[in-house]
Amino acid sequence: MFELCPGRMVGPGEKTFIIAEIGQNHQGCLETAKKMILAAKTAGVDCVKFQKSELEAKFSKSALKKRYQSPNSWGQTYGEHKKHLEFSHHQFQELQRFADSVDMPMTASAMDEPSVDFLDSAEVPFIKIGSGDVNNIPLITKACKTGKPIVLSTGMANMAWIRYISGHIVKTAESVLRTRNPDGEKQVSLALMQCTSSYPCLPEDVNLNVIKTYHQEFPQLVVGYSGHEIGVAISVQAVKLGAAILERHFTLDKSQKGSDHCCSLDPAELELLVHHARNGTEINLLREILGEEETHSVKTAEGDGIKTFRDCERPCYEKLGKTIAAREDVKKGDILHQHSFTIKVCDPPGIDPRYIENYIGMSFRVDKERDDSIRKDDLTTLTYHLEQHIVEDDL
C-alpha cells in the first residue's frame with residue numbers, strides 16, 4: 001500500500017483507484033482535452049492521464065520521416081501526425097492548471113527520458129511507464145530516480161522479464177529512498193499493471209488471472225489492470241480478481257479519427273465502470289444491466305494466468321516497440337558498447353534492448369549514421385541458435 005496521489009492510498013483495503021487514460025484522444029485540441037477532464041471528473045475517476053513525448057527523443061529520424069497514409073493520419077509523415085497530437089510543455093501546464101481548478105489529479109506516461117525530466121519538474125503525482133517502454137531500462141531507471149511512485153504496464157513482456165524489471169525498479173527505488181531519507185521508511189511505491197498490448201484486445205487475450213499471478217509473485221507490490229477490451233464487464237471482473245488500480249482509455253466520441261477510440265470508454269460507459277468497479281457488482285447482475293453478449297466474455301477473459309508475450313501483441317511491438325539505434329555515427333569495425341546506442345521507436349526496428357548484453361562487444365559490419373537502427377545483421381558473430389533463443393523463448 002502506498003500514496004499514489006496526495007491523500008489517496010492504493011492497495012488492499014482501499015477503494016479501487018481509477019485512471020481515465022485520455023492519451024491522445026483529444027485529437028490535438030486543448031479545448032477538447034479540457035472537456036475530457038471535466039467529463040472524467042463527472043464520471044468519478046480518481047485521475048486523468050495523458051501521454052508525453054519529445055518526438056526526436058522517442059522516435060528515430062527514419063521513423064518520423066516515414067510516410068503515414070491511414071484513415072487515422074493527421075499528417076503526411078508519421079512525424080507530422082505525432083506533432084499534431086503532441087501538446088507542448090506550455091499546453092500541458094495549462095491543462096494541469098485547469099485540472100487543478102476542478103480538483104482532478106493529472107499525470108502522463110513518460111515515453112522518453114526528456115519527458116521524465118519534464119514531468120518531474122511539472123510535479124505530477126506519479127509517473128506511468130507504458131508497455132512500449134517495459135524493455136527500456138534507462139527510461140525506467142530515470143523515472144525511479146525522481147522518487148515518484150511508478151505505475152508500470154506490462155504488455156509485450158513475459159514473466160521472466162517482469163521478475164527482472166520489477167526487481168530492478170525495487171532496487172533502484174530503495175537506493176533513492178536511502179539517499180533521500182536515510183532514517184525513514186524504505187517502502188517502494190510500484191504498481192504492476194496486467195496489460196495486453198492489442199487494440200482492441202479480444203477476451204481470449206486479456207488473461208485477467210495474471211493479476212492473481214502477480215499477487216503471488218510480488219506480494220509486496222500493488223497490482224492493477226490496464227485494459228483495451230470492448231465494454232466494462234471485464235474491467236469490473238479485474239477488480240474482483242485483485243486489481244487495486246484500474247486504467248481504461250477514454251473518449252468523448254468513439255467514431256472520431258484515431259486507433260484508440262474503438263477500445264475506449266465513452267462518458268456513460270466510464271461512469272458505469274466507476275460505479276460497478278467501486279461497488280463490486282456481481283457478473284449475474286451486470287448481465288441484466290449490460291446484456292449477455294458482453295458479460296459472457298468475462299470467463300474467457302480470465303485466462304490461464306501465465307504471463308507471456310502474446311501473438312496478438314506482435315503488431316503493436318513492430319509499430320511502437322522500443323529498439324536500439326546508434327547514438328552517434330559509427331564506422332565498420334567499431335565495437336558496440338553501452339554508450340554506442342540509444343533506445344527509440346525505430347524504422348526498421350533494431351535489436352530489443354532486453355537482450356543487449358548478448359551483443360555488447362561485437363563489431364559493426366557496416367557504417368551507421370546517428371539514429372540508424374542497429375540490427376542483428378549489422379554485427380558480427382551472431383548465430384542462428386541465439387536468434388531462435390531470443391525470438392521464441394524470451395519475447
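Helices and strands are here DSSP runs, numbered from the N terminus. With that in hand, the loops of this predicted model make a handy place to start. Gln27 sits in the loop that runs between strand E3 (17-23) and helix H1 (30-43). Most residues other than glycine have a negative phi, and most peptide bonds are trans. Gln27 goes the other way: its phi is positive, about 65°, although Gln27 is not a glycine. Gln27 also counts as buried, because its relative accessibility is 12%, and buried means under 20%.

Asp371 tells a similar story. Its phi is positive too, at about 85°, and again the residue is not a glycine. Asp371 belongs to the loop between E12 and H16. With a relative accessible area of 5%, Asp371 is buried.

That loop has another feature to show. Pro348 lies in the loop between strand E12 (341-345) and helix H16 (384-394), and the peptide bond leading from Asp347 to Pro348 is cis, its omega being near 0°. A cis peptide bond also turns up between Tyr199 and Pro200, where omega is about -10°. Pro200 has its place in the loop that connects strand E8 (190-194) with helix H9 (203-206).

Next come the helices. Two packed helices are described by the angle between their axes and the distance between the axes. For H1 and helix H12 (residues 267-279), the angle is about 35° and the axes are 8 Å apart. The contact is made by Ala39, Ala40 and Ala43 on the H1 side, and by Pro267, Leu270, Glu271 and Val274 on the H12 side. As for handedness, H1 and H12 cross in a right-handed way.

H12 also holds His276. This histidine counts as buried, because its relative accessibility is 5%. Setting aside neighbours within four places in sequence, His276 is in contact with Val236, Thr281, Leu286 and Ile289. Ile289 comes up again at the surface, where Leu272, Leu285 and Ile289 make a nonpolar patch of about 230 Å². One member of the patch, Leu285, is found in helix H13 (residues 283-290). Leu285 has a relative accessibility of 43%, so this leucine counts as partly exposed.

Among the strands, E4 (residues 47-52) contains Gln51. Gln51 is buried, as its relative accessible area is 18%. Once neighbours within four places in sequence are left out, Gln51 is in contact with Glu21, Gly23, Gln24, Glu86, Ala108, Ser109 and Met111. Gln51 and Gln96 are 45 residues apart along the chain, and their C-alpha atoms are separated by 13 Å.

Charged pairs round off the picture. Side chains of opposite charge can pair when their charged atoms come close. The count of salt bridges in the model comes to 23. In one of them, the side chains of Lys142 and Asp117 meet at 3.3 Å, N to O. This pair links distant parts of the chain, with Lys142 in helix H7 (residues 137-144) and Asp117 in helix H6 (residues 113-121), 25 residues apart. Lys142 counts as partly exposed, given its relative accessibility of 26%, and Asp117 is partly exposed at 42%.

Asp133 and Lys322 form another salt bridge, their closest N and O atoms being 2.6 Å apart. Here too distant parts of the chain are linked: Asp133 is in the loop between strand E6 (127-129) and H7, while Lys322 is in strand E11 (residues 322-326), 189 residues apart. Both Asp133 and Lys322 are buried.

A further pair stays within one helix. Lys299 and Glu302 both lie in helix H14 (residues 292-302), 3 residues apart, which is about one turn of the helix. The closest N and O atoms of their salt bridge are 3.5 Å apart. What sets the two ends apart is their burial: Lys299 is exposed, with a relative accessible area of 64%, whereas Glu302 counts as buried at 12% relative accessibility.

Finally, some salt bridges join up into a network, which links Glu21, Lys49, Lys128 and Glu247. Glu21 has already appeared above, as one of the contacts of Gln51.

Technical notes. Residues are numbered from 1 along each chain as its sequence is written. This is a predicted model: local features need pLDDT of at least 70, side-chain atom pairs count only at pLDDT 80 or more; totals for chains, interfaces and linings use all residues. Side-chain values use heavy atoms; hydrogens and water are left out. Patches are made of residues with over 30% relative accessible area and no salt bridge: like charges are joined within 9 Å, nonpolar side chains (Val, Leu, Ile, Met, Phe, Trp, Tyr) within 5 Å. Accessible areas come from the Shrake-Rupley method with a 1.4 Å probe; for residues, only the protein chains shown count as cover. A salt bridge is a side-chain nitrogen of Lys or Arg within 4 Å of a carboxyl oxygen of Asp or Glu. Helices (H or I, at least four residues) and strands (E, at least two) are DSSP runs, numbered from the N terminus. Buried means under 20% relative accessible area, exposed over 50%, partly exposed in between (1.4 Å probe, protein chains only). Axes are lines fitted to C-alpha atoms, for helices over the stretch in contact, and angles run from 0 to 180 degrees between N-to-C directions. A crossing is left-handed if the near helix is turned anticlockwise from the far one by less than a right angle, and right-handed if clockwise. Contact means heavy atoms within 4.5 Å.
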